[in-house]
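I opened this notebook to keep a record of what I looked up in the structure, going from the chain as a whole to single residues.

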Amino acid sequence: VDVMLRLSVMSFGSYWSHGGNRFDFIVSWVLFLAGWLTSTTDLQHMRSVMTYLSVFRVLRIFRLIRNIKRFQMLLACLANLWLISGDLLLML
């Protein structure tokens with residue numbers, strides 16, 4: 001769906017010129033084909049491939065979210081809490 005939405009507002013050449021979009025396009029199609037193959041045939045080993053590709057897509061989303069200012073503040077707060085809690089655990 002993401003690929004189709006992006007292609008509806010930009011040309012394929014513009015879409016393909018960004019490395020992240022190429023990654024999304026390829027991973028989306030591989031996930032689609034792997035899902036289709038596992039549902040129509042007996043290729044159960046494709047499930048592990050689908051799992052790994054899904055993890056890569058989630059990691060890319062986190063990379064994109066890093067650019068959002070509010071999310072940067074949230075990550076900074078979580079990092080501070082992690083450091084403080086580590087110090088507190090050492091005191092116990």
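**Chain overview**

Working with a predicted model, I began with the contacts between residues at least 6 apart in sequence, and found that 28% of them join residues at least 24 apart.

I then looked up the secondary structure, which comes to five helices and zero strands, so that the pattern read along the sequence is α-α-α-α-α. The radius of gyration came next: I noted 19 Å, well over the 12 Å that the globule rule gives for 92 residues, and therefore entered the chain as more spread out than a compact globule. Along the principal axes, the C-alpha atoms fill a box of roughly 55 × 40 × 15 Å.

For the surface, I recorded an exposed area of about 7400 Å², of which carbon and sulfur atoms supply 73%. Of the 92 residues, 14% count as buried.

**Tyr15 and Trp16**

I turned to helix 2 (residues 12-16), where Tyr15 has its place, and where Trp16 is found as well. Is Tyr15 buried or exposed? Its relative accessible area is 0%, so I entered Tyr15 as buried, the limit being under 20%. Trp16, with a relative accessible area of 32%, is partly exposed, because this value falls between the 20% and 50% limits.

Setting aside residues up to four places away in sequence, I listed the residues that Tyr15 touches as Val3, Arg6, Leu7, Met10, Asn21, Asp24 and Phe25. With the same neighbours left out, Trp16 touches Arg22, Phe25 and Ile26, and I noted that Phe25 appears in the lists of both Tyr15 and Trp16.

I also took two C-alpha separations from this helix. Tyr15 and Asp42, 27 residues apart along the chain, are separated by 35 Å, while Trp16 and Gly86, 70 residues apart in sequence, are 44 Å apart in space.

**Asn21**

Since Tyr15 touches Asn21, I followed that contact into helix 3 (residues 19-40), where Asn21 lies. At a relative accessible area of 4%, Asn21 is buried, and its value is therefore under the 20% limit.

Which residues does Asn21 contact, leaving aside neighbours within four places in sequence? I found Arg6, Met10, Tyr15 and Arg60. For Arg6 there is a further entry, as a polar contact of 3.5 Å joins the side chains of Asn21 and Arg6. Arg6 and Met10 are also among the residues that Tyr15 touches, so I kept the Asn21 and Tyr15 entries side by side.

**The nonpolar patch**

My last search was for nonpolar surface, and it gave a patch of about 690 Å² made by Phe23, Tyr52, Val55, Phe56, Val58, Leu59 and Phe62. Which helix gives the largest share of this patch? It is helix 4 (residues 46-65), with six residues.

I picked out Phe56, one of the patch residues, whose place is in helix 4. Phe56 counts as partly exposed at 45% relative accessibility, and it can belong to the patch because patch residues need over 30%.

Technical notes
Residues numbered from 1 in each chain as written. Predicted model: local features only at pLDDT ≥ 70, side-chain atom pairs only at ≥ 80, totals over all residues. Heavy atoms only, no water. Helix = DSSP H or I, 4+ residues; strand = E, 2+ residues; numbered from the N terminus. Buried < 20%, exposed > 50% of the residue type's maximum accessible area, 1.4 Å probe, protein only. Polar contact = N/O pair within 3.5 Å; in protein donor to acceptor, adjacent residues only side chain to side chain. Contact = heavy atoms within 4.5 Å. Patch = residues over 30% accessible without salt bridge, like charges linked within 9 Å, V, L, I, M, F, W, Y side chains within 5 Å. Areas by Shrake-Rupley, 256 points an atom, 1.4 Å probe, with all protein chains shown as cover. Salt bridge = Lys/Arg side-chain N within 4 Å of Asp/Glu carboxyl O. Rg over C-alpha atoms; globule rule 2.2 N^0.38 Å.
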